[in-house]
Amino acid sequence: MACGHALCNGRAGVVHAVDHPALVIVATGSEVSLSIEAAQQLSKDGVAVSVVSLPSWDRFARQDPNFQASIFPSGVPVLSVEAATTFGWGATTASLRQSR
């Protein structure tokens, strides 16, 4: 059975949503659960943080700009979390800054 959800299609999805985030954490794989834990801890300190799972940069880059803006709101800083390497994240976060 095919799934129509953005994450099933390899695009991206908000996996921990808050109203008016002060920060968006973007992660993949096992770092997503760690990012959610970090967002929950920051919430206790009064910082609203959304978490985005981004399984495929190239698929996300091909998405409609409105979809991209719904995942990464304009003016909100983006922090990438990756355990082993920063490969790919620099270009991804730079393109997010330029598109907003």
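**Entry 1: the phenylalanines**

I started with Phe60 and Phe72, and both turn out to be buried. Their rings pair edge-to-face, with 5.5 Å from centre to centre and 85° between the planes. I then checked where the two sit: Phe60 belongs to helix H2 (residues 57-61), while Phe72 is in the loop between helix H3 (65-71) and E4. They are 12 residues apart, so I note this as a pair that links distant parts of the chain. Note to self: this is a predicted model.

How many aromatic pairs does the count come to? I get two. The other one joins Phe60 to Phe67, with ring centres 6.3 Å apart and planes at 55°, so I logged the pair as tilted. The cut-off for a pair is 6.5 Å between centres. Phe67 is buried, like Phe60. Put together, the ring pairs make a cluster out of Phe60, Phe67 and Phe72.

**Entry 2: confidence**

Next I looked at pLDDT. The chain averages 81, and 73% of its residues reach 70 or more. Which elements have the lowest and the highest mean pLDDT? The lowest is helix H4 (residues 89-99) with 59, and the highest is H1 with 96.

**Entry 3: the sheet**

I traced the strands and found an open sheet of four, ordered E1-E3-E2-E4, with mixed pairing. E1 and E4 are the edge strands, each pairing on one side only. On average, neighbouring strands are turned by 35° against each other, direction ignored.

Then I went through the pairings one at a time:

- E1 (residues 13-16) pairs with E3 in the antiparallel sense, over three bridges.
- E2 (residues 23-27) pairs with E3 in the parallel sense, over five bridges.
- E2 and E4 (residues 78-81) run parallel and are joined by four bridges.

For the register I wrote down some partners. Val24 has Ser50 as its bridge partner in E3, and in E4 it stands opposite Val78. Ala27 stands opposite Ser53 in E3. The route from E2 to E3 goes through helix H1 (residues 31-44), and I have this β-α-β crossover down as right-handed.

**Entry 4: what covers the strands**

Is E3 enclosed or open? Five of the five residues of E3 (residues 49-53) are buried, so I call the strand largely enclosed by the rest of the structure. I checked the faces separately, and both are covered: Val49, Val51 and Ser53 are buried on one side, Ser50 and Val52 on the other.

E2 gives a similar entry in my notes, with five of its five residues buried. Leu23, Ile25 and Ala27 line up on one side, Val24 and Val26 on the other, and both of these faces are covered.

I also looked at how H1 is placed. The helix lies across E1, E2, E3 and E4, and runs at about 175° to E3.

**Entry 5: His16**

Last lookup was His16, which is found in strand E1. Buried or exposed? The relative accessible area is 18%, and the cut-off for buried is under 20%, so His16 is buried. Its bridge partner in E3 is Val51.

I listed the contacts of His16, leaving out residues up to four places away in sequence: Ile36, Ala39, Gln40, Val49, Ser50 and Val51. Checking that list against the element ranges, I see that Val49, Ser50 and Val51 come from E3 (residues 49-53), while Ile36, Ala39 and Gln40 fall in H1 (residues 31-44).

How values were computed: Residues numbered from 1 in each chain as written. Predicted model: local features only at pLDDT ≥ 70, side-chain atom pairs only at ≥ 80, totals over all residues. Heavy atoms only, no water. Buried < 20%, exposed > 50% of the residue type's maximum accessible area, 1.4 Å probe, protein only. Pairing = 2+ DSSP bridges. Right-handed = clockwise from strand over helix to strand, strands pointing away. pLDDT = per-residue confidence, 0-100. Phe/Tyr/Trp six-rings, centres within 6.5 Å; stacked < 30°, edge-to-face > 60°. Axes fitted to C-alpha atoms, helices over the stretch in contact; angles between N-to-C directions. Contact = heavy atoms within 4.5 Å.
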